[in-house]
Amino acid sequence: MGLREYRKKRDFDATTEPRGGGRARRIFVVQLHHASHRHYDFRLELDGVLKSWAIPKGPSLDPSVKRLAVEVEDHPVAYADFEGDIAQGNYGAGHVDTFDRGVWEPVGAPREALRDGELKFTLNGDILRGSWVLVRTRGYGSKPSWLLIKHRDAFAAAIDADAFVDPATDRPISRAKRRAVWKNLAVPSTQAKPREAVRAKASKSRTTARRSVTR
Ligand code: MN
């Protein structure tokens, strides 16, 4: 809105002047929440709040997997730093861990995209990276349903969020163990189901590209 005239006067394919930006980058956070129903909370900072979705199965890095994301109430930005226990008897009682965090960038105008039910964006976290989309499927009331989908790019992989959670404790694994997850992805396991092995092989070059970016 504020930069409309600035942009109208310029052809950004022909000039190296910035199209926008320069403000503090927007944060995103994903929290693993052991409430009455285990779920992941996916939050994107916009206009001074965290737009929030509850994702029962958690984000998948596999572009062929769509994950239900139920829109919930906006949370304060400070909630991105919340970890620990919500005491019994309170709303959402249970343990909250930070699963991933970083910065995000919308593709196009985010408010209009949310209104229209299709928000494309990039994530730059430790686990979730690259291009994603949230698509609203139904409901315009208090809890509309969306789908969170990974786009095909160098950061896609045939795994989901639970690959980064310790099955014994149900807590997110350490950074060192995350590296092992990425490393294993580059080499198809003989124990993998045939379909997964093919996928892992197909994504080998992309995974290699990813790791070269993160190092
Ligand atoms: Mn929650």
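**Metal site and salt bridges**

Asp41 and Arg43 are both buried, and in this predicted model the two residues form a salt bridge in which the closest N and O atoms lie 3.5 Å apart. Asp41 also takes part in the coordination of the manganese ion, to which Asp41 (OD), listed twice, contributes together with His33 (ND1) and His39 (NE2), at 2.1 to 2.8 Å. Along the sequence, the donor residues of the manganese ion follow the spacing H-x5-H-x1-D. The two histidines of the site, His33 and His39, are buried, as is Asp41.

The structure holds 15 salt bridges, one of which joins the side chains of Asp162 and Arg38 with an N to O distance of 3.0 Å. Because Asp162 lies in the loop between β9 (145–150) and α3 (175–186), whereas Arg38 belongs to strand β2 (residues 38–46), this pair ties together parts that are 124 residues apart in sequence. Asp162 is partly exposed, with a relative accessible area of 34%, and Arg38, at 27% relative accessibility, likewise counts as partly exposed. The pair is part of a network of salt bridges that links Arg38, Asp162 and Asp170.

A further salt bridge is formed between the side chains of Asp116 and Arg115, with an N to O distance of 3.0 Å. Asp116 and Arg115 are both exposed, whereas the residues of the Asp41 and Arg43 pair are both buried.

Methods:
Residues numbered from 1 in each chain as written. Predicted model: local features only at pLDDT ≥ 70, side-chain atom pairs only at ≥ 80, totals over all residues. Heavy atoms only, no water. Donors = N, O, S within 2.8 Å, 3.2 Å for Na, K, Ca; no water. Buried < 20%, exposed > 50% of the residue type's maximum accessible area, 1.4 Å probe, protein only. Salt bridge = Lys/Arg side-chain N within 4 Å of Asp/Glu carboxyl O. Helix = DSSP H or I, 4+ residues; strand = E, 2+ residues; numbered from the N terminus.
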